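This briefing addresses two topics: the relation between the chains, and the packing of one pair of helices.

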Number of protein chains: 2
Amino acid sequence: MLEEETARERVLDAAEGLYYQRGVQAVGMDAVRNASGVSLKRLYRLYPSKGDLVEAYLRRRDAQLLQRLVGYVDTVDGTPQDRVLAVFDWLYSWFSESDYRGCAFINSYGELGAASPAVAEVARKHKAAFRRRVADLVAAAGLPASLADQLSLLVEGAITTAAISRTPEPARTARDAAQALIKVSRTAA
Amino acid sequence: MLEEETARERVLDAAEGLYYQRGVQAVGMDAVRNASGVSLKRLYRLYPSKGDLVEAYLRRRDAQLLQRLVGYVDTVDGTPQDRVLAVFDWLYSWFSESDYRGCAFINSYGELGAASPAVAEVARKHKAAFRRRVADLVAAAGLPASLADQLSLLVEGAITTAAISRTPEPARTARDAAQALIKVSRTAA
DNA sequence: CTTGCGCGAGAACCATCGTTCTCGTAGGGT
DNA sequence: ACCCTACGAGAACGATGGTTCTCGCGCAAG
C-alpha cells in the first residue's frame, strides 16, 4: 500500500491536472480517483470533501507558482532592474507551455468565488503574495513602490490575455510597457 | 401573453444577473425560469439549450459593455489624449458597482472555455473588440499603435485585480500607469 | 355553445455527481 | 490454520440539473 504522503501527492497531481485543464466543477471525484489510482475511500480520508481537495490544490499551486517565479528570477544575473524585467521573461516561458490555461486562481475565483469564501480567500492571498514578490524586486532596484502595483497590473493583464488569445505574446508587450514605466519612474523620481 | 421579443429580453435580463453573479454552472434553468417569469417551455423555444442561452447572454453583454464604454468616452470633452485616459475613469465607475464580479468573459472562459469552443470564441472576440476600441482612441490621439496593446493589458489587469481585491483602486493605478506610458511614447516618438 | 389549439405550471425522466456503504479479500499476528 | 483488521473496487444513495412530457385551462373560430 502507498504511504499517506505519496497518496496525497498523487491525488494533488491528478487534481491539479484535471481542475486546471477542465475547470473544477467539470471534474468529478471519480475522475480524480481514476487519474490518481487512489481509492475513493482513501481519497475521502485524505480530503473529507471536494471542497477540501480544491483548497489543497489551490494552496499547493500557490506555493509552486511563487517558487517557480522566484527560482527563475534568482538565476538571472544582471542589474536589479534586469531582475524586475525577468518577471516578464518568466511569464513568456509560462505562457508557452502547451497546457497553459490562464491563472488557476482567477479561473477558480470566477467559477466558485461567489459560493465559496475559502476559494475567494486563497485567490486573494495568492495575488497579494505575488504582488509582494514584485514589490520586493522593485524595492531592490531602488524604484518607487507605486511601480509595483502598476507592474502587477501588467502581469495580471498578460496572464488573462495570453490565456484567451492563446499566444505568449502578451508577455513581450507587458515587458515593453514595464520597461517604459521603469524609465519614466527613474526620471520622475 | 408576452411578445416574443419581450420574453427574450426578460430571459436575458434574468440570465445575465444570475450567471454573472453566481457563475454559469451554478445556475439552473429553473432559476432562470423563476427569475424571468417565462415558462420552461417557452424558454426552450427561445433558446433550445442552456448552451444557446449562455451564448446569447455573452453576446448581449459584449454589445452592452462596448456600448457603455463608447457612451462614456463620448461624453468626455478634452484632448484626444484625455479620451484615452477616460477609459480608466470608466473602469473606476464600473468597478464601483456593488455587484461587480469581474469580467463575464474571463469568468465564463475559465469555467467553460475548455469544454465549449463557442464560449471561448465569444470571449476572444469580445477582447479583440475591446482592444480595437482602445486602439481607435490611441490612434485618434496620434499615439503609436503599440501603445494600444499595452493599455489593453492594463485594462485587463485592472479588471481582474479589482474583482479579486474587491476595490475599484486598480482603475486609478492603471490610469497612472497609462499616463506614464503615454508620456514616454510621446517623447520616444 | 363547442371544439380544439396553444399556453403555463409543474411533474417526470434520465444522467451526473458528491458521498457513503457493502462486500470480498489480502495479510499479519497468534 | 485461523481470525481480525483494513483495504480497494465498485454499487448504492440522495440531490441536483437539463430536458421533455402531462395536464388543465383560456380563448378564438365556427
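For the symmetry analysis, copies are superposed by least squares on the C-alpha atoms of residues with pLDDT of at least 70 in both. The model is predicted: local features need pLDDT of at least 70, side-chain atom pairs count only at pLDDT 80 or more, and totals for chains, interfaces and linings use all residues. Residues are numbered from 1 along each chain as its sequence is written, and chains are lettered from A and ligands numbered from 1 in the order in which they are written.

**Symmetry**
- A turn of 180 degrees with a shift of 0.0 Å along the axis lays chain A on chain B with an RMSD of 0.0 Å; the two copies are thus related as by a two-fold rotation axis.
- Among the residues of chain A, A:Gly157 comes closest to the rotation axis, its C-alpha lying at 1.8 Å.

**Interface**
- Chain A and chain B contribute 38 residues each to the contact (two residues are in contact if their C-beta atoms, placed from the backbone, lie within 7 Å).
- H8(A) gives the most to the side of chain A that touches chain B, with twelve residues (helices are DSSP runs of H or I with at least four residues, numbered from the N terminus).
- That side of chain A has 17 nonpolar, twelve polar and nine charged residues (Ala, Val, Leu, Ile, Met, Phe, Trp, Tyr, Cys and Pro count as nonpolar, Asp, Glu, Lys and Arg as charged, and the others, Gly among them, as polar).

**Helix packing**
- The axes of H4(A), residues 50-75, and H7(A) come within 10 Å and cross at roughly 10 degrees (axes are lines fitted to C-alpha atoms, for helices over the stretch in contact, with angles from 0 to 180 degrees between N-to-C directions).
- H4(A) is therefore roughly parallel to H7(A) (angles under 35 degrees count as such).
- The residues of this contact comprise twelve nonpolar, two polar and four charged.

Definitions and conventions
Helices (H or I, at least four residues) and strands (E, at least two) are DSSP runs, numbered from the N terminus. Angles under 35 degrees count as roughly parallel, over 145 as roughly antiparallel, 65 to 115 as roughly perpendicular and the rest as oblique.
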